[in-house]
Amino acid sequence: MSMSNMQKQTDVILIGAGVMSATLGTLLKELAPEWKIKVFEKLASAGEESSNEWNNAGTGHAALCELNYTAVKPDGSIDIHKAVNINEQFQVSMQFWSYLVNNNLIQNPRNFIMPLPHMSFVQGEENVSFLKKRFEALASNPLFRGMEFSDDPERLKEWIPLMMEGRTSNEPIAATNIETGTDVNFGALTRLLFDNLQGKGAELNYKHTVEDIKRTSNGLWEVKVHNIDENKIEYHTAKFVFIGGGGASLPLLQKTGIPESKHIGGFPVSGLFLVCNNPEVVEKHHAKVYGKAKVGAPPMSVPHLDTRFIDGKKSLLFGPFAGFSPKFLKTGSNLDLIGSVKSDNLVTMLAAGVKEMSLTKYLIQQVMLSNDKRMEELREFIPNAKNEDWEIIVAGQRVQVIKDTNTGKGTLQFGTELVSAADGSIAALLGASPGASTAVYVMLNLFEKCFPEHMKEWKPKLIEMIPSYGLKLAENPELLDKVLASTAEVLELYKEEVVLS
């Protein structure tokens with residue numbers, strides 16, 4: 001068969017069946033229903049890598065409890081602008097998910113989102129004073145309404161009984177608590193979105209590995225795909241390609257050869273969680289509780305003790321402990337890291353290596369941790385934790401972006417990065433947290449960069465799906481009240497305790 005017969009053209013190709021591609025595809029199907037969409041995923045089903053419910057913490061990242069989103073300025077005051085931005089971005093996701101439920105594109109919100117208090121917990125005088133200042137800085141912002149602070153052990157016993165049992169230290173402790181947090185099953189959400197997409201005519205191809213991406217002479221992108229089951233190579237072309245392959249996005253982006261792909265490196269970090277298998281212990285904790293990262297630790301290593309709702313069952317996770325593997329995906333190859341080093345990013349990568357000695361040291365220490373040492377860290381949260389109640393699971397593989405910024409060469413980025421070609425014909429998503437929580441906001445950014453010519457006609461539909469589109473909720477208190485009330489109702493995020501069948 002000649003190659004030209006095998007070239008199959010479509011409007012949009014999405015690489016990777018994770019939450020990012022699922023979100024982009026779902027938005028596009030609402031905005032441009034006639035566009036043809038193809039999805040290629042190397043695994044046998046959707047949401048199996050970073051989006052999978054066991055591969056991330058499931059925190060609806062709204063900066064309600066994550067201390068690394070509020071920095072201390074040189075004058076000692078607290079900078080809350082990152083926290084406010086992340087909360088605004090999460091509200092965008094909540095509005096879009098509400099639209100999907102309201103329009104029966106997703107049936108039951110309980111399948112992917114649960115109400116759960118978000119708390120921050122600190123020990124030691126300096127940290128207590130930081131948390132109090134952080135609370136005071138956030139409490140005046142309407143997005144963080146309802147947050148409480150306490151350093152009274154009796155009050156803390158009501159909030160976090162499991163963490164207060166057997167606590168003997170005289171060190172001062174404090175916590176903040178906000179009831180409007182969520183636990184999100186991003187794996188379930190991803191699968192629900194792809195079910196809806198398939199129902200609307202998108203073509204889902206599992207067990208298809210993308211091997212190359214090239215620009216054709218007529219300006220389309222040609223994607224070379226290995227169909228694993230039939231063991232054959234296929235070529236597909238599209239006007240627009242999105243690379244949403246988690247850790248594998250960087251090598252694919254490099255294959256495109258676009259100038260924007262140069263001078264970017266990736267550093268893989270794997271995560272381990274302790275998971276509790278004793279139902280009596282699980283029952284005593286009902287919150288996501290985030291602590292403070294250790295000195296030298298990267299921001300994604302903030303220790304946290306999380307109630308999770310997975311497959312209708314409540315579980316308890318503690319972590320993450322950082323691990324190191326040269327793979328860019330859990331199912332990746334040990335050659336991923338070395339293969340990603342190119343002539344154009346070598347200096348960037350080396351500069352990061354020199355700069356990030358404290359991170360390197362931290363990772364080596366983490367990799368060397370014995371199980372007893374991990375349990376010791378857990379006991380800072382749960383003094384009475386017993387070894388036999390907990391076991392280790394390996395979480396997802398994250399690839400942190402390394403790039404040259406105005407602060408210098410080889411700066412390690414700890415966020416989510418969108419890279420797109422100047423003409424908007426191809427885009428890739430790199431990086432880690434707050435990732436999935438802010439997927440809808442990231443895609444709105446992508447539309448502005450990649451589809452500027454459609455924004456005017458799409459605007460009414462975007463406002464229908466996301467009432468706050470183009471506005472800041474913190475600056476529009478009436479709209480904020482309306483949005484919070486309606487998302488809480490549609491997504492069933494009421495106060496009363498959730499009873500699981």
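How closely do the axes of helix H2 and helix H7 approach, and at what angle do they cross? The legends below take this view first. This is a predicted model, in which local features need pLDDT of at least 70, side-chain atom pairs count only at pLDDT 80 or more, and totals for chains, interfaces and linings use all residues. Residues are numbered from 1 along each chain as its sequence is written, and side-chain values use heavy atoms, with hydrogens and water left out.

**View 1. Helix H2 crosses helix H7.** The axes of H2 (residues 19-31) and H7 (residues 186-199) come within 9 Å and cross at roughly 35 degrees. Axes are lines fitted to C-alpha atoms, for helices over the stretch in contact, and angles run from 0 to 180 degrees between N-to-C directions. Helices (H or I, at least four residues) and strands (E, at least two) are DSSP runs, numbered from the N terminus. The crossing is left-handed, meaning that the near helix is turned anticlockwise from the far one by less than a right angle. Residues of H2 in the contact (heavy atoms within 4.5 Å) include Val19, Ala22 and Lys29, and those of H7 include Phe186, Leu193 and Asn196.

**View 2. Nine strands form an open sheet.** The strand order is E7-E8-E6-E15-E16-E17-E14-E18-E19, with mixed pairing; two strands pair if DSSP finds at least two bridges between them. E7 (148-150) and E19 (408-413) each have a single partner strand, so one side of each is left without a neighbour in the sheet. Neighbouring strands are turned by 30 degrees against each other on average, direction ignored. Helix H4 (residues 125-139) packs on this sheet, touching E6 (118-123), E7 and E8 (173-178). The direction of H4 makes about 25 degrees with that of E8. Helix H13 (residues 371-381) also packs on the sheet, and its direction makes about 120 degrees with that of E17.

**View 3. Strand E17 pairs with strand E14.** E14 (residues 264-276) and E17 (residues 313-323) run in the antiparallel sense, paired over six bridges. Look for glycine 271, which stands opposite alanine 322 in E17. Proline 320 also has its place in E17, and the peptide bond leading to this proline from glycine 319 is cis, with omega near -5 degrees.

**View 4. Cysteine 276 has no disulfide partner.** A search of the whole structure finds zero disulfides, a disulfide being a pair of cysteine sulfur atoms within 2.5 Å. The closest cysteine sulfur to that of cysteine 276 belongs to cysteine 65, 20 Å away and too far for a bond. Cysteine 276 is buried, at 6% relative accessible area, and cysteine 450 is buried at 5%. Buried means under 20% relative accessible area, exposed over 50%, and partly exposed in between (1.4 Å probe, protein chains only).

**View 5. Valine 92 sits in helix H3.** This helix spans residues 81-102, and valine 92 counts as buried at 9% relative accessibility. Not counting residues up to four places away in sequence, valine 92 touches Val440, Tyr441, Leu444, Ile466 and Ser468.

**View 6. Two residues other than glycine have a positive phi.** Alanine 63, with phi near 65 degrees, lies in the loop between E2 (37-40) and E3 (71-72). Alanine 63 is buried, with a relative accessible area of 0%. Glutamate 492 has a phi of about 55 degrees and is found in the segment after helix H16 (477-490). At 29% relative accessibility, glutamate 492 is partly exposed.
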